[in-house]
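Colleague: I should be grateful for a close look at a single part of this structure. Please describe how its first helix is placed, and then follow the neighbouring elements as far as they help the picture.

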Amino acid sequence: MTRAIRSALAALAPGDEVVVVDDGSTDDTAGAVEAFGPPVRLLRLPHRGAGPTRNAGLAAARGPLVAFLDSDDEWLPDKIALQRAFLERRRDVLYAFSDFGVRLEDGTEHHRYLRHWLRAQRPLSDVFGPSAPYSSIAPLPPDREDFDVHVGSMYLEEMRNNLVPTFTIMVRKGEAGNALRFADDLPTCEEWPAFGRLARRGPGAFFATETAWQHGHSGPRLTGVPGLSTLERVWGSDPEFLAEHDDDFRRAVSDAHLMRANSLARRGNVREARRELRRAGGGSIAVRALLRSILF
């Protein structure tokens, strides 16, 4: 936690603040936070999970721009400056997020890690569409090499991949309104409905560079498989989207069943895994073939 707070403080400008939300921890979080002093504020809550915790921090934040950082992750020093300068010049963009690096406990580092979150492996340029150099939009901080920025609707891709790393995003709080509310009824992937609604409300920007480190979480996101309830509550309740992308939505639902079947099979729950496989109907041929070889 102290590493995360130090990295946030190193990235802030005068007038910014850090709101630390203590989700019912049993260690000395309060003492560690109070040692920093202003501009760090502590908000103590009973344990309720990630969604309510993020929402509480969001409600307490006083600035027009908000960003999120979990206790075991870390921002790069110019993360906030990059996003703030960009959003000041592109008033049409509602939020900005980026690639990230991963550091394992043994010190191993993996760079440009977002590609591992894609369910269909393809270049990020194909995922996000046309780009422009960051320097053509905003000045680069010292010692930061130029990189591409992709601007546009992320709505379809967010449905396909749950693509936005929470610890890299910056959002215009006022313009986002109630779209930026994390699910309080999901044990994992609580950010997905919020970022789906955010992508529906306005365009986003993807920075093809790293602005943060994630510590100790390598590998594809096999835990926290896509939630059918999230697909239904965001994209499945959007008639305009379904009129144009019904096939994409059905494929996403099918893939969610397949990934749930895979998760159940790994835990030895063969009966439920077979049921999910039958519900999938279509989806990835390779995944279906692998699951059939395991389950039948």
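Modeller: In this predicted model, helix α1, which spans residues 2-11, has Ala4, Ile5, Ser7, Ala8 and Ala11 buried. Around the helix axis they cover an arc of only 165 degrees, which means that they lie on the same side of α1. Arg6 and Ala10, by contrast, are exposed, and they are carried on the face turned away from that buried side. One may then ask what the buried residues of α1 pack against. Their partners are two helices and three strands: α2 (29-34) and α4 (79-89), together with β1 (18-23), β2 (40-45) and β4 (74-75).

Two of these strands lead on to another helix, for β1 and β2 are also among the elements that cover the buried residues of α3. The cover of α3 further includes β3 (65-67) and α7 (173-176). Helix α3 comprises residues 50-60, and eight of its eleven residues are buried, so that the helix is mostly covered. The buried residues are Gly51, Pro52, Thr53, Arg54, Asn55, Ala56, Gly57 and Leu58. Arg54, which is buried in α3, has its charged end over the ring of Phe182, 5.7 Å from the ring centre.

Strand β5 (residues 95-103) may be considered next. Eight of its nine residues are buried, and it is therefore largely enclosed by the rest of the structure. Several strands pair with β5. Strand β10 (residues 204-215) runs parallel to β5 and is joined to it by eight bridges; here Tyr95 stands opposite Gly204. Strand β9 (residues 170-172) pairs with β5 in the antiparallel sense over two bridges, and Ala96 faces Met170 in this strand. Strand β6 (residues 109-110) is likewise antiparallel to β5, with two bridges between them. Five residues separate β5 from β6 in a hairpin, and Gly107 in the turn has a positive phi of about 95 degrees.

Arg103 deserves separate mention. Its bridge partner in β6 is Glu109, while Arg103 also lies over the face of Trp213, at 3.9 Å from the ring centre.

Aromatic rings also pair with one another in the model, and the count comes to 17 aromatic pairs. Among the residues concerned, Phe86, Tyr134, Phe147 and Phe207 are linked by ring pairs into a cluster.

To return to the helix with which the account began: α1 has a buried side that packs against helices and strands, among them α4 and β1, and a face turned away from it that carries the exposed Arg6 and Ala10.

Methods. Residues are numbered from 1 along each chain as its sequence is written. This is a predicted model: local features need pLDDT of at least 70, side-chain atom pairs count only at pLDDT 80 or more; totals for chains, interfaces and linings use all residues. Side-chain values use heavy atoms; hydrogens and water are left out. Buried means under 20% relative accessible area, exposed over 50%, partly exposed in between (1.4 Å probe, protein chains only). Helices (H or I, at least four residues) and strands (E, at least two) are DSSP runs, numbered from the N terminus. The arc is that of the directions from the helix axis to the C-beta atoms. Contact means heavy atoms within 4.5 Å. Rings of Phe, Tyr and Trp (its six-membered ring) pair if their centres lie within 6.5 Å; planes under 30 degrees apart count as stacked, over 60 as edge-to-face and the rest as tilted. A charge sits over a ring if NZ of Lys or CZ of Arg is within 6 Å of the ring centre and within 35 degrees of the ring normal. Two strands pair if DSSP finds at least two bridges between them.
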